[in-house]
Amino acid sequence: MDTVDSHRDLWSPVGVNMRKEDNSFVSGVMDCPLSPQDLSTSFSGLADEEEFDLFLNSAKSLYEFFSGGLGGTNSVVKFQSAPVMNADVPAESQWSFTNPKVQLKSLYWQKIMLNIFQEVSAKEQEVVTLWDEVKEPRLNEDEICILFGKRTSYHRKSWKLSKHIQKPALDRPEQFLLQLSKLDHFEERCSCIVFERNFHETTSEISTKLTLFCKVCEALTKWSSVRNVLGIILALGNFLNGGNMSRGQAQGFKLDILPKLKDMKTKINSPSFLAYVVQLYLKEYVLSREAEKEELDIDTLTLPFPEPDSISQCSIINFEEIDQQMITVKSDLDKCGENARAVLESASESSIVEPFKTKIASFLKSAVLECSKLEVKVEDSKKAFESTLVFFCYPVTETQPSDFFEVWLTFIRDFKVLWKVELKLISQRRLAEAKAKLKEIQFEKQKQIKTVPVKKGGLKERMKMKQLAAKSEQSEESVIACQ
């Protein structure tokens, strides 16, 4: 850098005269135009290759700035000798380029070059500015680097992390994971293990939904309580529509009317049509059988329909989505088999394949059987739903589970609310009847009690005389004490 610094003093770019005369820049000392090619020829032998390239790039950028921005296409750059540093100012207080140890934050200001400013603004007289009198003090570079240094970049952090990993300073969980990552075909092994876990969760979820779906379909078609409630509704509807030729004497009705039964009020606005259906069902099919059996426990009575939660689960089932899930599961199963074969085929004598080989082989075998059983279960569920639609006179091709079970869900929820109300009223009525019966029994027992006169000289008479004598003695003692 000694050679470059010496030439920088002789031919410093800050010595350019900025006065424009006749469309050219005139130098005060040297009057020869220079271009980057001339610089390349003149200074090529005065410094090593790296330093010379740095100086040449700076000269080219300065040349492009003045030739294109100020002087136009015909302007040239002419250099003069650099101004001599002020001898009165100590060398340590004058500005200099620094090479900081770390990357520092930038201070975004507009730079002023005094030589250029004075040559542009001063024509005949010398201009003295504030910055001519300002002195730069010596700074503590280490302190500035600590205060204004940028944060460690990601590259340095990753380098430190990699350096830390090489040391045996990891905890046991991290060491375990590091050792696992060194296994052959680690990604394929992990994908097989993760798929095994997800496979059981997915298939069990689908199987549970289909099992509940089949049970609900069977309950709606096979339970006698469902038929009894619908029979009561049919009988009441035919009686109410007896004078109507288009609606009366019906042998059945569409289930779309079920959610609307709660809206039909009686003449006194209480109870509703649906509440009356609940009362008739309890009277005809529950309470009437108490004479045949022992007295029924109200708390043990169950709803004559499946629970609303079960109906709600059935209403959200979509067979198209289930079919798509089955396709995805089978494709993932095939991919898992390919990964397992890749691990086992490329395994060498030194690689570890057990217990992975035994477990994955057992899993693949059971998974294929489970997929085939699940496919059969899906088809059985579809057939059960179709038979349920036919049983309730619904169109098979146009009806989805959501359309069919939504009707039942609204009706059963309303029925369950009124069912609980009626059971509570029955419990209260039974409690009142039990209390009245208890009072009647007590009254009858009181009637059966007979009073007998006291015998003279008997035990009761003697006890009574003793009590009277004791009271008289106590009264005499109290009188004597008062005197």
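**A walk from Ile206**

Start at Ile206, which is buried at a relative accessible area of 3% (buried is under 20% relative accessible area, exposed over 50%, and partly exposed in between, with a 1.4 Å probe and protein chains only). What you have here is a predicted model, so local features need a pLDDT of at least 70 and side-chain atom pairs count only at pLDDT 80 or more, while totals for chains, interfaces and linings use all residues. Residues are numbered from 1 along each chain as its sequence is written, and side-chain values use heavy atoms, with hydrogens and water left out.

Ile206 sits in helix α9 (helices are DSSP runs of H or I with at least four residues, strands are runs of E with at least two, and both are numbered from the N terminus). Which residues does Ile206 contact, leaving aside its neighbours within four places in sequence? They are Ile322, Gln325, Met326 and Leu374, where contact means heavy atoms within 4.5 Å. There is also a link across the sequence: the C-alpha atoms of Ile206 and Ile317 are 9.8 Å apart, although 111 residues separate the two along the chain.

Now step back to the whole chain. It has 483 residues, 26% of which count as buried, and its secondary structure adds up to 16 helices and two strands. Taking contacts with a separation of 6 or more, 76% are between residues 24 or more positions apart. The accessible surface is about 35900 Å², and carbon and sulfur atoms account for 55% of that (Shrake-Rupley method, 1.4 Å probe; for residues, only the protein chains shown count as cover).

How far does the predictor trust all this? The average pLDDT is 74, and 68% of the residues score at least 70; pLDDT is the predictor's confidence in each residue, from 0 to 100. Residues 1-47 stay under 50, though the model gives them 89 contacts beyond four places in sequence. Residues 154-159 are below 50 too, and that stretch has one contact beyond near neighbours in sequence.

On to the inside. The largest nonpolar core has 49 residues, and those with the most contacts inside it are Phe404, Phe405, Trp408, Phe411 and Phe415. (A nonpolar core is a set of buried Ala, Val, Leu, Ile, Met, Phe, Trp, Tyr and Cys residues joined through side-chain atoms within 4.5 Å.) Elements that give it two or more residues are α9, α10 (224-240), α11 (273-286), α12, α13 (319-345), α14 (356-391) and α15. The largest share, eleven residues, comes from α15. Take Phe415 as an example: not counting residues up to four places away in sequence, Phe415 touches Val229, Leu274, Val278, Leu303, Pro304 and Phe305. A second, separate core has 13 residues, among them Phe356, Ile360, Phe363 and Ala367.

Helix α12 is worth a look of its own. Within α12 (residues 308-315), Pro308, Ser310, Ile311, Cys314 and Ser315 are buried. Why do they lie on the same side of α12? Because they cover an arc of only 160° around the axis, taking the directions from the helix axis to the C-beta atoms. The cover over these buried residues includes α9 (186-222) and α15 (401-447).

The loop between α11 and α12 holds Glu307, which is partly exposed at 37% relative accessibility. Glu307 and Leu409 are 102 residues apart along the chain, with 9.0 Å between their C-alpha atoms. Leu301 belongs to the loop between α11 and α12 as well and is partly exposed at 21%. Not counting residues up to four places away in sequence, Leu301 touches Val286, Leu296, Trp419 and Leu423. C-alpha to C-alpha, Leu301 and Leu423 are 8.8 Å apart, with their positions 122 residues apart in sequence.

Last, the cysteines. How many disulfides are there? The count is zero, with a disulfide taken as a pair of cysteine sulfur atoms within 2.5 Å. For Cys192, the nearest cysteine sulfur is that of Cys336, at 3.8 Å. Cys192 is buried, at 0% relative accessible area, and Cys336 also counts as buried, at 3%. Cys393, by contrast, is exposed at 69% and lies in the loop between α14 and α15. Most residues other than glycine have a negative phi. Cys393 is not a glycine, yet it has a positive phi of about 60°.
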